[in-house]
Amino acid sequence: MNRSICICLLCALSSAAAAKNLLIEKIPPSGACFFNRFDEAYLRAHPGQTVVSVRLSLRREFPAAENERELRVEFRHKGHGKPFYVVGGCAWSEEANRDVGGPRLARSFREDAAARCMARDGLGGAAAEGGDFPIDLAEDGASLTLYLDESVSGWRGPDQNKKAIRLELTRHNRVFELERVDASACVELDKAVAVD
């Protein structure tokens, strides 16, 4: 009898943990900023990586999107004066890392539940998909891992009047671990590019 109760309790706790929406619990509407600058030693050890820094902002900008966060990502690459900007939206999903047919979006990410983000490939009008990818938030909200696919849409520089371009990503430039930093570190990014 006691064993049955313990098993039921463990099942209930597992379901509660699976239902936890870290995007809402750990990212307040006012936003959060995540960042990583890869130093020369790291880049020498990973010669295929051309991304030298990633800055990511998550915040709620539209009152109707209570369970979502708007996304801005800034990638700085070796040999490019202008950063590459990605904008979009994220919502928590128990199947964030699954494509429509069932295969994993990011094979290097072994979980399913995460923030599922969709990049925009243009602003205004109908939202068109510029890339679908998961963001794995740490339980404590102090870090996250960004998992990209083979390409993502965005802009080289902040001029979003230009047509968005597709950035092809080598396998060395798809997974990035970022640390949470003070929200003020993303103010410039939030002002530089619009999300809609």
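**Exercise 1. Classify S53 and list its surroundings.**

Solution. At 2% relative accessibility, S53 counts as buried, a class that means under 20% relative accessible area, with exposed over 50% and partly exposed in between (1.4 Å probe, protein chains only). The residue belongs to strand 2; helices (H or I, at least four residues) and strands (E, at least two) are DSSP runs, numbered from the N terminus. With neighbours within four places in sequence left aside, S53 is in contact (heavy atoms within 4.5 Å) with F35, N36, R37, F38, E74, F75 and R76.

The model is predicted: local features need pLDDT of at least 70, side-chain atom pairs count only at pLDDT 80 or more, and totals for chains, interfaces and linings use all residues. Residues are numbered from 1 along each chain as its sequence is written, and side-chain values use heavy atoms, with hydrogens and water left out.

**Exercise 2. Describe the chain as a whole.**

Solution. Begin with the secondary structure: the chain has four helices and ten strands. From the N terminus on, the order of elements is α-α-β-α-β-β-β-β-β-β-β-β-β-α. Next, take burial: 40% of the 196 residues count as buried. Then take the contacts between residues at least 6 apart in sequence, of which 57% join residues at least 24 apart. Last, the chain exposes about 10700 Å², with 52% of it supplied by carbon and sulfur atoms; areas come from the Shrake-Rupley method with a 1.4 Å probe, and for residues only the protein chains shown count as cover.

**Exercise 3. Place strand 5 among its partners and explain why it is largely enclosed.**

Solution. Strand 5 covers residues 114-120. Two strands pair if DSSP finds at least two bridges between them. On one side of the pairing list stands strand 4 (residues 84-93), which runs antiparallel to strand 5 and is joined to it by six bridges. Here C90 has C117 of strand 5 as its bridge partner. Strand 6 (residues 129-137) also pairs with strand 5 in the antiparallel sense, over five bridges. In this pairing R120 is matched with E129 of strand 6. Five of the seven residues of strand 5 are buried, so the strand is largely enclosed by the rest of the structure.

**Exercise 4. Analyse the salt bridges made by R120 and R116 of strand 5.**

Solution. A salt bridge requires a side-chain nitrogen of Lys or Arg within 4 Å of a carboxyl oxygen of Asp or Glu. R120 forms one with E70, at 3.4 Å from N to O. Since R120 lies in strand 5 and E70 in strand 3 (residues 68-77), the pair ties together parts that are 50 residues apart in sequence. Both ends are enclosed: R120 is buried at 16% relative accessible area, and E70 is buried at 4%.

R116 meets D132 at 2.7 Å, N to O. This pair links strand 5 to strand 6 across 16 residues. R116 is partly exposed, at 22%, whereas D132 is buried, at 16%.

**Exercise 5. Where does the salt bridge of D190 lead?**

Solution. The structure holds nine salt bridges. In one of them D190 pairs with R59, their closest N and O atoms being 3.4 Å apart. D190 sits in helix 4 (residues 187-192) and R59 in strand 2 (residues 51-59), 131 residues apart. D190 is buried, with 16% relative accessible area, while R59 is partly exposed, at 26%.
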